[in-house]
Structures are given as structure tokens and as C-alpha cells.
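Me: I'd like to learn how to read a protein model, one feature at a time. Can you walk me through this one?

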Amino acid sequence: MYILGAEERAAADRVLAQGNLFRYMPEAHESDRFEAELAGRLGTRYALATSSGTGALICGLAALGVGPGDEVLMPAFGYVADVLAILAVGAVPVVCEVDESLSLDPADLKARLTDRSRAVLPVHMFGLPSDMESISRIARDHDLRVLEDACQAMGGRYRGRHLGTLGDAGAFSFNQAKIITAGEGGALVTSDHELHERAFLMHDASSVYDGRSFDHPVFAGLAFRMNEVSAAILRVQLNRLDDIQAGLRRVRAQVAEALNGAGRLRPVPSHDPAGDSGTHLAVRAPCEASAAALQEAVGRIPGLWAHRAASLGHSFFEWDVLHERRGAHHRLHDPLAGDAPAQGPDQLPRSREILGRTVIVGYTLDAGEQAIERLGEHAREGAAAWA
Ligand SMILES: *Cc1c(COP(=O)(O)O)cnc(C)c1O
């Protein structure tokens, strides 16, 4: 969350005053409008509002027809929700190494393909775009579907095109930590009619309220609907996106400038620096100890925060359900039972090495000159330690 003001309060109030909190009430229009505005902004034919980013990922995978017997390839740096969504549809996550850019390494993706590979799930972490050109080429050559996890990348681009719109479908999250938020929420965008219909069926399986008819046969889904209060807030937040992003990019440039020249710290290379959504600055230290020293120093400055890449559920090394092969609430429902490939935490050495030296620096929109100055001082003092 970066800005939450009077306009969001007014939007929530408007819905509460009308009393139509459920999106398929005949008089309710906020979710419909939010979907139209989001699709319009991103340039996709469809957007489906959901109750979370995880829900959007599950709807996306279900829409693509991913299920038992399938493998879905994803990077070692993402979020545990990617693993959970793949397991939720009965498929097996196959985790690939990341490259220096903190995104799915196309060479390792290729190396892990089997005849069960069905889809690839690139994750644009902290707004850093994945190498979509290489990933799309491999997907084309090997008949894989592409679902982008753009949960952290709203507003980011790859070669001018919005992240989340480069694959068959893209998932966004609007939880409290994301660039625009309603506390919880998500969306799945696609330009494919059948995918949209299937995602719709998954998100509102019974589909009795909306009264629409489907070209695709109805199947049993779940409930991942958005509510009207969230949609009304998100419409305001979407209008603020450009301002939030411009502000974040400004602070990001100041943070980068302050750290410039601090020993051997380097910005993490990007597949499209112009497309970065601006929420964080990822920096690479020469070793784990200097990464820890940087994290500690940044963490003491109000308005800034820092965490190690291998924390907060973002790295492969924390995904215990995968390592311990507990892929469901019930054994007979568990895609990791049986002969699924085992991936223990001792695997993916390259990702461990890269993530261990990476620090993610975040900032508030009003981090201010003082914070930046203090960061610059720390950088000069710490230059020796971080070398
Ligand atoms: C936040 C996030 C999600 C899931 O979002 P929720 O809305 O919390 O379910 C998925 N992937 C990534 C990369 C995220 O950051």
C-alpha cells in the first residue's frame, strides 16, 4: 500500500450506502467496471476480478486445462502461492534456477522439460521483468502454455508491453503489500475467449447469479469472486497507479544514486530497465556477509526497508511443502505422492548463490531526503565492509 485516502473512503462508502456488496446483485456494477477499466488499461480483451492473486493463479491454471499428470515450470524466486496454485489444480511444480536477473533462467527451463511439461509460470518479482522473449520461444517450440505471475508487477512493462499480457494469461494481486491494493484481491487477464470463460467458471462455479450463458461446458469450480467494496476501492487505486509509479521511480533513482559507488554493490541486471515497475531496488553484494551488512544498515533507516531475497516465502529454499512432499490436505489428492520428481532444499545451487547475495530495498513514497542522505552516509562508511 502506498496511498489510501479520502477517495478510497468515499468509494467504499458509496457501496456501503447502496448495500450491494455482492458483485452479482442486479444493481451492483463496481466489479464489472473495475474489470473493464483494468482490461482497457492493459489492452487485453478480458479481466476477471478475483478474491486474491492466488485465486487468479488457480483460475488461470484451470483455464489452461492444467491438471493431474502435468508439470508446471516456475522459477526458484517467486512466491509460495505459485507452488500452492499449481498443487491446487493437481499438477506438479518443477522449480527452475533463476539467472542473475532474479527471473526464470530460460536455459534451465529448457533443461527441465519432460513429456509431462504442460505450462510455464514466469514470475516478475519486485517488478523485474522476466526474459519473456526466450521464455515465449521455448513455450512455442515445446507446446507449453504461459501463465505470467504479474502479482508484483502491475504497471511494469517488457519491451513496451504490459507485464501480465505477454503470455496466454496473467495474474495480478491487490493484497496489502502490492502496488495498488484493497487489502486483498486479484485479477486474471487474457485476450482469449475460451480461457476467460473457463477462468470465469472456476471463479464462480455455479454461476447462477450472473445469468450468462457459456460456450464452454460448465464444470465444477470454486469461489474466488471479488466483492464490491474491494472493486470500488481498486477503481480509485487504478486511477492513482501512474502517480504512485512516478513517485516510486523517483525515490528508486535516489536510492540507487545513494548506493552508487558503495564498495562492490551492483544493481541487479534487468531484462528491461525501462519496464521496471519501480517498487523496489534489488542490489547484489559480493558475498552473503556484505549482503547481511547492507540489509542491517538499510533496515535502521526510517522510510526504507530491506530484506534478503531468500526470505518472506519468496525463495525455493523456504517451500517446505514441496521439499517434504506434502502437496495437499489428503494423501490421495497429493500431486507430490507417487513418482513426482523430488526437489529438496539442497538443489538449485545457482539460485541459492544468487539469492544469498541479493538484497531487496523497499521504500515509502515519502522516504524523503533525510533517509536518502543517511543511506548515502551508510554507503560511504560501509563501502569497506561491503567490498
Ligand atoms: C502476492 C503474490 C501472490 C499472491 O497474491 P495473494 O493476493 O496474496 O494471494 C502471488 N505471487 C506473487 C509473486 C506475489 O507477490
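Reply: Sure, helices and strands come first: they are DSSP runs, numbered from the N terminus, with helices (H or I) needing at least four residues and strands (E) at least two. In this structure, His-162 is found in strand β7, which spans residues 161-162. Keep in mind that this is a predicted model, where local features need pLDDT of at least 70, side-chain atom pairs count only at pLDDT 80 or more, and totals for chains, interfaces and linings use all residues. Residues are numbered from 1 along each chain as its sequence is written, and side-chain values use heavy atoms, with hydrogens and water left out.

Me: Is His-162 buried or exposed?

Reply: Buried means under 20% relative accessible area, exposed means over 50%, and partly exposed is in between (1.4 Å probe, protein chains only). His-162 counts as buried because its relative accessibility is 10%. You can also check how far apart two residues sit: the C-alpha atoms of His-162 and Ala-17 are separated by 35 Å, and the two are 145 residues apart along the chain.

Me: What is the C-alpha separation of Val-251 and Asp-366?

Reply: For that pair it's 8.1 Å, with their positions 115 residues apart along the chain. Val-251 has its place in helix α8, and it counts as buried because its relative accessibility is 3%. Now try Leu-73, in strand β2 (residues 71-75). Its C-alpha atom is 31 Å from that of Leu-248, and these two are 175 residues apart along the chain. Leu-73 has a relative accessible area of 0%, so it is buried.

Me: Where is Thr-44 found?

Reply: Look in the loop between α2 (30-42) and β1 (46-50). With a relative accessible area of 12%, Thr-44 is buried. Thr-44 and Ser-101 are 57 residues apart in sequence and, C-alpha to C-alpha, 27 Å apart in space.

Me: Let's turn to the ligand. How many residues surround the ligand?

Reply: A residue is near a molecule if one of its heavy atoms lies within 4 Å of it. Here 14 residues surround the ligand, and the closest are Thr-54, Asp-149, Gln-152, Ser-173 and Lys-178. To sort such a shell by class, count Ala, Val, Leu, Ile, Met, Phe, Trp, Tyr, Cys and Pro as nonpolar, Asp, Glu, Lys and Arg as charged, and the others, Gly among them, as polar. This shell has 5 nonpolar, 7 polar and 2 charged residues.

Me: Which polar side-chain atoms lie by an oxygen atom of the ligand?

Reply: A polar contact is a pair of N or O atoms within 3.5 Å; within protein, one must be able to donate a hydrogen and the other to accept it, and residues adjacent in sequence count only if both atoms are side-chain atoms. A polar side-chain atom of Asn-175 lies 2.9 Å from a ligand oxygen atom, and one of Lys-178 lies 3.1 Å from a ligand oxygen atom. Gly-53 takes part through its backbone: an N or O atom there lies 2.7 Å from an oxygen atom of the ligand.

Me: Which residue has its backbone oxygen by the side chain of His-323?

Reply: That's Gln-343, whose backbone oxygen lies 2.8 Å from a polar atom of the His-323 side chain. His-323 is found in helix α10 (residues 320-323), and its 14% relative accessibility is why it counts as buried. You can read Gln-245, in helix α8 (residues 228-259), in a similar way. A polar atom of the Gln-245 side chain lies 3.3 Å from the backbone oxygen of Ser-277. Gln-245 counts as buried because its relative accessibility is 5%.

Me: What is the phi of Phe-126?

Reply: First the general idea: most residues other than glycine have a negative phi. Phi of Phe-126 is near 50°, a positive value in a residue other than glycine. Phe-126 lies in the loop between β4 (117-120) and α6 (132-141), and it counts as buried because its relative accessibility is 5%.

Me: Is Leu-312 buried or exposed?

Reply: Leu-312 counts as exposed because its relative accessibility is 53%. Its phi is positive too, near 65°, and Leu-312 lies in the loop between β12 (304-308) and α10.
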